[in-house]
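Please look through the sequence and the three-dimensional model before reading on. The paragraphs below proceed from the overall layout to individual side chains.

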Amino acid sequence: MKNITAKQFQILTDMQLVWDFMVDSYEHFFINGVAAPFFEYAITSSWMNKSYLHLNRLWLD
């Protein structure tokens, strides 16, 4: 049985984890979601409300 842990997302240290996950999960033509660069774009955009980033969590096994 695997132990699954969760950690709160931290923008300065976890961007690579999110990037790697999205690259591994991404399929062409957005069949199962958007490409990894979108998350990085969204997180640095002025239209994103960054006050909610503390609610994001990463689930790791």
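Followed along the sequence, the protein shows the pattern β-α-α-β. Its secondary structure amounts to two helices and two strands. The model is a predicted one, and its mean pLDDT is 83, with 84% of the residues reaching 70 or more. Among the elements, strand S1 (residues 5-8) has the highest mean pLDDT, 93, whereas helix H2 has the lowest, 81.

Some totals describe the protein as a whole. Of its 61 residues, 21% are buried. The protein exposes about 5200 Å², and 62% of this area is supplied by carbon and sulfur atoms. Contacts may also be sorted by the distance between their partners in the sequence. Among contacts with a separation of 6 or more, 57% are accounted for by residues 24 or more positions apart.

The discussion now turns to charged side chains. Side chains of opposite charge can pair when their charged atoms come close. How many salt bridges does the structure hold? It holds one, and this salt bridge is formed by Asp-14 with Lys-7, whose closest N and O atoms are 2.7 Å apart. The side chains of Asp-14 and Lys-7 are likewise joined by a polar contact of 2.7 Å.

Asp-14 has its place in helix H1 (residues 11-25). Is Asp-14 buried or exposed? The cut-off for a buried residue is a relative accessible area under 20%. Asp-14 has a relative accessible area of 2%, and it is therefore buried. Its partner Lys-7 has a relative accessible area of 27%, so Lys-7 is classed as partly exposed. Leaving aside residues up to four places away in sequence, Asp-14 touches Lys-7, Gln-8, Phe-9 and Leu-58.

The next region to examine is helix H2 and the loop that follows. Thr-44 is found in helix H2. A residue counts as exposed when its relative accessible area is over 50%; Thr-44 is therefore exposed, because its relative accessibility is 59%. Which backbone atom lies 3.0 Å from a polar atom of the side chain of Thr-44? It is the backbone oxygen of Glu-40. The side chain of Thr-44 also reaches the backbone oxygen of Tyr-41, at 3.2 Å.

Ser-45 lies in the loop between helix H2 (36-44) and strand S2 (57-60). Whereas Thr-44 is exposed, Ser-45 is buried, because its relative accessible area is 8%. The side chain of Ser-45 is joined to that of Trp-47 by a polar contact of 3.4 Å.

Trp-47 leads to a further feature. Together with Phe-38 and Tyr-41, Trp-47 forms a nonpolar patch on the surface, and the accessible area of these residues together is about 370 Å². Phe-38 is found in helix H2. With a relative accessibility of 40%, Phe-38 falls between the limits for buried and exposed residues, and so it counts as partly exposed.

Two residues of this patch can thus be connected with the contacts described above. Tyr-41 provides the backbone oxygen that the side chain of Thr-44 reaches at 3.2 Å, and Trp-47 shares a polar contact with the side chain of Ser-45. On returning to the model, the reader may trace the salt bridge between Asp-14 and Lys-7, and then the surface patch of Phe-38, Tyr-41 and Trp-47.

Methods:
Residues are numbered from 1 along each chain as its sequence is written. This is a predicted model: local features need pLDDT of at least 70, side-chain atom pairs count only at pLDDT 80 or more; totals for chains, interfaces and linings use all residues. Side-chain values use heavy atoms; hydrogens and water are left out. Helices (H or I, at least four residues) and strands (E, at least two) are DSSP runs, numbered from the N terminus. Buried means under 20% relative accessible area, exposed over 50%, partly exposed in between (1.4 Å probe, protein chains only). A polar contact is a pair of N or O atoms within 3.5 Å; within protein, one must be able to donate a hydrogen and the other to accept it, and residues adjacent in sequence count only if both atoms are side-chain atoms. A salt bridge is a side-chain nitrogen of Lys or Arg within 4 Å of a carboxyl oxygen of Asp or Glu. pLDDT is the predictor's confidence in each residue, from 0 to 100. Patches are made of residues with over 30% relative accessible area and no salt bridge: like charges are joined within 9 Å, nonpolar side chains (Val, Leu, Ile, Met, Phe, Trp, Tyr) within 5 Å. Accessible areas come from the Shrake-Rupley method with a 1.4 Å probe; for residues, only the protein chains shown count as cover. Contact means heavy atoms within 4.5 Å.
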